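I opened this entry to look up helix packing, a buried loop residue, a pocket and a peptide bond.

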Amino acid sequence: MVACGVPDADSASAVSAPEPIPLPVVWALDAYLTVRTWKTPYSAETAGSVLVSRLGRGLDRVTFPKLIRAVAATHRFLADDSAALFPDVIARSPTPFPA
């Protein structure tokens, strides 16, 4: 596992102690970053937001939930619940990876 700081539930700007990230997530991110869109001045090959728009801008509080819902709507197990998905719901859900 790899450690990463995650925001505290009480504050949008505070960061808690590092939490372990399951290796399958690290591997998925490594694979994604090789094909991630990036365009200056918003992002670069080795800098910027992880999830970006087609223009290379980081996803904002409006775009990100729309993207999550659109992807979930195409998934056979998530389609019925896709309208209720928000980033906070996903962040607080239990991990599907074994400890």
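I looked first at α2, whose buried residues (under 20% relative accessible area, 1.4 Å probe, protein chains only) are Pro65, Ile68 and Ala72. Seen down the axis of α2, these residues fall within an arc of 60°, so they line one face of the helix; the arc is that of the directions from the helix axis to the C-beta atoms. They pack against α3 (87–91), with contact meaning heavy atoms within 4.5 Å. Helices here are DSSP runs (H or I, at least four residues), numbered from the N terminus.

The model is predicted, with pLDDT of at least 70 needed for local features and 80 or more for side-chain atom pairs, while totals for chains, interfaces and linings use all residues. Residues are numbered from 1 along each chain as its sequence is written, and side-chain values use heavy atoms, without hydrogens and water.

Next I checked Ser82, which sits in the loop between α2 and α3 and is buried, with a relative accessible area of 11%. Leaving aside residues up to four places away in sequence, Ser82 touches Arg69, Ala72 and Ala73. A polar atom of the Ser82 side chain lies 3.1 Å from the backbone oxygen of Ala79.

Last, I looked up the loop between α1 (23–33) and α2, where Pro41 is placed. I noted that the peptide bond from Thr40 to Pro41 is cis, with omega near 10°. For context, I recorded that most peptide bonds are trans.

Terms used. Helices (H or I, at least four residues) and strands (E, at least two) are DSSP runs, numbered from the N terminus. Buried means under 20% relative accessible area, exposed over 50%, partly exposed in between (1.4 Å probe, protein chains only). A polar contact is a pair of N or O atoms within 3.5 Å; within protein, one must be able to donate a hydrogen and the other to accept it, and residues adjacent in sequence count only if both atoms are side-chain atoms.
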